[in-house]
Amino acid sequence: MKTLNMQQLCSFAQDDQKIDGKFVMLTANDAAMLQKFRVIGCRVMLLVFSGTVEAEVNGKNVTMERCDFLDILEGTSFTVRGCSQDLDFYCVLTSREFIVEVLQNIVPGPRDYFSLLLLNPVLRLTANATSKLFKQLRLIDDMLADLNHNYRTEMVRTYFKGFALELGNLLIKEQHFPAIDKHTLAVKDTLMANFMDLVWKNFREKREVSFYAKELCVSTKHLARVVKSCTGKTPHEVIDAEVLGLAIQLLKNEEILVQQVADILHFTDQAAFSKFFKKYIKMSPSEYRRNID
């Protein structure tokens with residue numbers, strides 16, 4: 001199965017499905033196409049209005065039904081395995097940079113959303129919330145289809161901001177989250193968010209957990225406890241997942257030599273990179289490249 005990153009996905013998508021090279025929207029008409037690829041390196045938001053979707057998120061099987069909303073972060077792999085004939089959904093694939101640009105430092109949603117998202121990327125919304133969000137996404141879909149609109153890009157960005165703000169509002173007002181101590185959760189959520197931000201900025205060069213703990217002014221043990229409680233993974237596993245995700249993206253480009261991939265990811269040499277890659281993929285980078293569909 002071929003893996004697509006954000007750049008490749010934008011190249012693959014039709015003109016009436018994308019803007020900016022950073023934003024793609026797919027619908028139920030694209031369900032069969034989605035089953036052919038694994039997506040990684042994108043923020044994926046999928047809202048099911050009717051029917052069911054069988055998907056795989058980082059190797060874990062998930063089933064989504066009406067009123068389910070999937071929200072996964074970059075570095076997480078996503079694959080559609082199957083869907084029902086009555087499926088109706090919208091799937092937005094974009095980047096963290098695009099969202100930051102559009103929202104202009106607004107972070108909509110409950111304060112604990114980031115932690116809850118890492119624990120469970122599929123949220124069950126109310127019928128009312130699903131209907132409201134579907135209408136917002138339809139506005140985006142209609143505007144994407146209007147290729148001759150003089151302000152098409154600006155309108156799509158505006159409509160997406162409206163969708164994100166509506167989502168945040170509905171999650172705060174209507175979603176019932178598990179009862180967790182708010183002070184503890186706020187501290188954990190902030191630490192986890194800051195850790196992930198540091199990882200996204202530094203994982204190419206820094207893979208020592210001690211570096212991140214020092215930057216966050218906490219002990220490595222405390223950081224490990226928080227990350228484990230939020231993600232079920234160790235900090236080292238989270239960092240390695242980002243490295244592996246980028247490695248896979250780079251290996252898809254046959255113009256980049258394996259040695260160059262190792263250099264980009266700051267491995268000491270190609271052998272060290274191959275050892276790391278084989279640990280997770282069970283084959284060398286060269287073998288993986290030869291087996292790409």
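Start by selecting Lys-18 in strand 2, and look straight across: it stands opposite Val-24 in strand 3. What you have open is a predicted model, so treat each stop as a place in a prediction. Strand 2 covers residues 18-19, and two bridges join it to strand 3, with the two strands running antiparallel.

Now select the turn of this hairpin. Three residues sit between strand 2 and strand 3, and among them Asp-20 takes a positive phi near 65°. Most residues other than glycine have a negative phi. Keep Asp-20 highlighted, as the tour comes back to this residue.

**Along strand 3**

Next, select residues 23-27, which make up strand 3. Is this strand mostly covered or mostly open? Mostly covered: five of its five residues are buried. Turn on the side chains and you'll see Phe-23, Met-25 and Thr-27 pointing one way, while Val-24 and Leu-26 point the other way. Whichever way they point, all of them are buried.

Stay on Met-25 and find its bridge partner in strand 10, which is Val-92. Strand 10 spans residues 88-94, and five bridges join it to strand 3 in an antiparallel arrangement. So far, then, you've met strand 3 with strand 2 and with strand 10.

**Back to Asp-20**

Return to Asp-20 and add Arg-157 to the selection. The two form a salt bridge, with the closest N and O atoms 3.1 Å apart. In sequence they are 137 residues apart: Arg-157 belongs to helix 6 (residues 152-174), whereas Asp-20 is in the loop between strand 2 and strand 3. Asp-20 is partly exposed, with a relative accessible area of 40%. Arg-157 is partly exposed too, at 23% relative accessibility.

Which other residue shares a salt bridge with Arg-157? Select Glu-101: its closest N and O atoms to Arg-157 are 3.6 Å apart. Glu-101 lies in helix 3 (residues 96-103) and Arg-157 in helix 6, so this pair ties together parts that are 56 residues apart in sequence. Glu-101 is partly exposed, with a relative accessible area of 34%. Now add Lys-22, and you have a whole network on screen: salt bridges that share partners join Asp-20, Lys-22, Glu-101 and Arg-157. The count for the model comes to seven salt bridges.

**An open sheet**

Clear the selection and colour five strands in the order 1-4-9-6-7. They form an open sheet with mixed pairing. Which strands stand at the edges? Strand 1 (2-4) and strand 7 (60-64) do; each has a single partner strand, so one side of each is left without a neighbour in the sheet. Neighbouring strands here are turned by 35° against each other on average, direction ignored.

Zoom in on the strand 7 edge. Strand 6 (residues 53-57) runs antiparallel to strand 7, and five bridges join the two. To see one of the pairings, select Ala-55 and then its bridge partner in strand 7, Val-62.

**On to strand 8**

Follow the chain out of strand 7 into the loop that leads to strand 8, where you'll find Cys-67. Its phi is near 75°, a positive value in a residue other than glycine. Is Cys-67 buried or exposed? Cys-67 counts as buried, at 9% relative accessibility.

Now select Asp-68 together with Arg-124. Their side chains meet in a salt bridge of 2.5 Å, N to O. Asp-68 is in strand 8 (residues 68-72) and Arg-124 is in strand 11 (residues 122-124), 56 residues apart. The two ends of the bridge fall in separate classes of accessibility: Asp-68 counts as buried at 4%, while Arg-124 counts as partly exposed at 45%.

**Last stop**

Finish with Lys-282, in the loop between helix 12 (270-281) and helix 13 (285-290). Lys-282 has a positive phi of about 70°, although it is not a glycine. Why does Lys-282 count as exposed? Because its relative accessibility is 64%, and exposed means over 50%. To compare, flip back to Cys-67, which also has a positive phi but counts as buried.

Definitions and conventions
Residues numbered from 1 in each chain as written. Predicted model: local features only at pLDDT ≥ 70, side-chain atom pairs only at ≥ 80, totals over all residues. Heavy atoms only, no water. Buried < 20%, exposed > 50% of the residue type's maximum accessible area, 1.4 Å probe, protein only. Helix = DSSP H or I, 4+ residues; strand = E, 2+ residues; numbered from the N terminus. Pairing = 2+ DSSP bridges. Axes fitted to C-alpha atoms, helices over the stretch in contact; angles between N-to-C directions. Salt bridge = Lys/Arg side-chain N within 4 Å of Asp/Glu carboxyl O.
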